[in-house]
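Colleague: I am new to this one, and I would like to know what lies behind the labels. Could you take me through them?

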Amino acid sequence: MNTVFDQMLSSYGDLPKEKLWNAKYEVTQQIVLAGLNHGGFFKKAAFYGGTCLRIFHGMKRFSEDMDFTLLKEDSTFHLEDYFQDIISEFKLAGRDVTITKKDKLTLGKVESAFLKDETDVYNLTFQTEKTLKVKIEIDIKPPLEFQTEYKKLNHPGTFLVRCMTLPCLYAGKMHALAFRNWKTRVKGRDWYDFEWYVRNEVPLDYNHLRTRIKEFNGLDLSQENFLRLLKERLATTDIKSVKADASRFVENQAELDIWSNDYFLQLADIIKFV
C-alpha cells in the first residue's frame, strides 16, 4: 500500500541513491514539523537553521538537523511533551518511529533528542544503513530581539510553521561563522550559508546578532568591530578545509569553484544591514 510517506517521497522523482537518502530526510523533517504543529509547539517556539532555509527558502544545501528556539524562557516547557504528537503524525504517514532523549554534559542551553526510524523499509532500502536519524535541538534559553513569521507547508497536510525571519536567521549564521569553536574541523556549511545570504541580498539584523554575541560571548560589539573580527576569520581560515567540508552538503560542486579567502572578504564588504 502506498503510504503518505511514500507519496511525499515520490514527488521528488527518480533519484540516485545518495539524493534519495537526502529526500527521505527531508520528508521525515516535514512530518516532524506537522507533528509539532498539531501539538501546539509553534505557540511557544520557532524553527530556524539550515533545514529551515532549505525547506522554506529553497537553499540548495542538504541539512540533517532540526533547530528550534523558544520565543522566551519557559520553565514549564519540556520537549518530551511533544513526542507523542510526532509519533502519531508518523503513524498517520505509515511509519513507526521511536524518540529518545540524548543527555550530554556538554549540551548547555540546548535540549536534544534523536528521532529514529527503525522500520523495515529503511533497513531494506539502505542495506548497511539501519536507521534514519534526525537530531532535534531546542534552545531553551534563547537570546531575544528576534522576529518570527509563519510559513506554509503543503505536506503531509497544509499547515503553518513559525520560523525566524530571514534577517534573524542570517544573524544566527553570522554568529556561528564568527564565533563557532571549530576544534578539529571547520564548518563549511557556515560559509555556504553566508554566501547564500549575500547573494540573495538578505539584510542582516544586527540588533539580534549583537544580542546573541552579548549572551554567548560576553562582548558588546559595534557593527564596525564585528566586521573587523569577521574579516580576520575569513582571511585566516584554511579555505581548502572549508571547501572540503562544504562539499558533503552541496548538490552542485561547481558552486565551490569560486571560493577563496579573497572572495569571502569581498562578500563581507557587501553585507546589507537592516
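Modeller: Here is a short talk about salt bridges, burial, a pocket, helices and strands. This is a predicted model, in which local features need pLDDT of at least 70, side-chain atom pairs count only at pLDDT 80 or more, and totals for chains, interfaces and linings use all residues. Residues are numbered from 1 along each chain as its sequence is written, and side-chain values use heavy atoms, with hydrogens and water left out.

Colleague: Why is the contact between glutamate 26 and arginine 54 called a salt bridge?

Modeller: The term asks for a side-chain nitrogen of Lys or Arg within 4 Å of a carboxyl oxygen of Asp or Glu. Here the N to O distance is 2.6 Å, so the pair meets that cut-off. Glutamate 26 sits in helix 2 (residues 17-38) and arginine 54 in helix 3 (residues 50-57), 28 residues apart. Helices (H or I, at least four residues) and strands (E, at least two) are DSSP runs, numbered from the N terminus. The search of the whole structure finds 17 salt bridges.

Colleague: What makes the salt bridge of aspartate 74 and lysine 44 a tie between parts of the chain?

Modeller: Their closest N and O atoms are 3.3 Å apart. Aspartate 74 is in the loop between strand 2 (66-70) and helix 4 (83-92), while lysine 44 is in the loop between helix 2 and strand 1 (45-48), so the pair joins parts that are 30 residues apart in sequence.

Colleague: Are aspartate 74 and lysine 44 buried, exposed or partly exposed?

Modeller: Buried means under 20% relative accessible area, exposed over 50%, and partly exposed in between (1.4 Å probe, protein chains only). Aspartate 74 has 25% and lysine 44 has 32%, so both count as partly exposed.

Colleague: How do you know which label fits aspartate 245 and which fits arginine 248?

Modeller: Aspartate 245, at 4%, is under the cut-off and therefore buried. Arginine 248, at 44%, falls in between, so it is partly exposed. These two also form a salt bridge, with the closest N and O atoms 2.9 Å apart.

Colleague: What makes alanine 246 count as buried?

Modeller: Its relative accessible area is 1%, so it falls under the cut-off. Alanine 246 is found in helix 10 (residues 239-246).

Colleague: How do you know that the span of helix 6 agrees with what is expected?

Modeller: The expected span is 1.5 Å times one less than the number of residues. For the 14 residues of helix 6 (residues 166-179) that should be 20 Å, and the end C-alpha atoms are 20 Å apart, so the two agree. Helix 6 is also mostly covered, with 14 of its 14 residues buried.

Colleague: Why is strand 5 called largely enclosed?

Modeller: Of the 8 residues in strand 5 (residues 132-139), 6 are buried, so the rest of the structure largely encloses this strand.

Colleague: What makes strand 2 and strand 5 a pair?

Modeller: Two strands pair if DSSP finds at least two bridges between them. Strand 2 and strand 5 have 4 bridges, in the parallel sense, so they qualify. Threonine 69 stands opposite aspartate 139 in strand 5.
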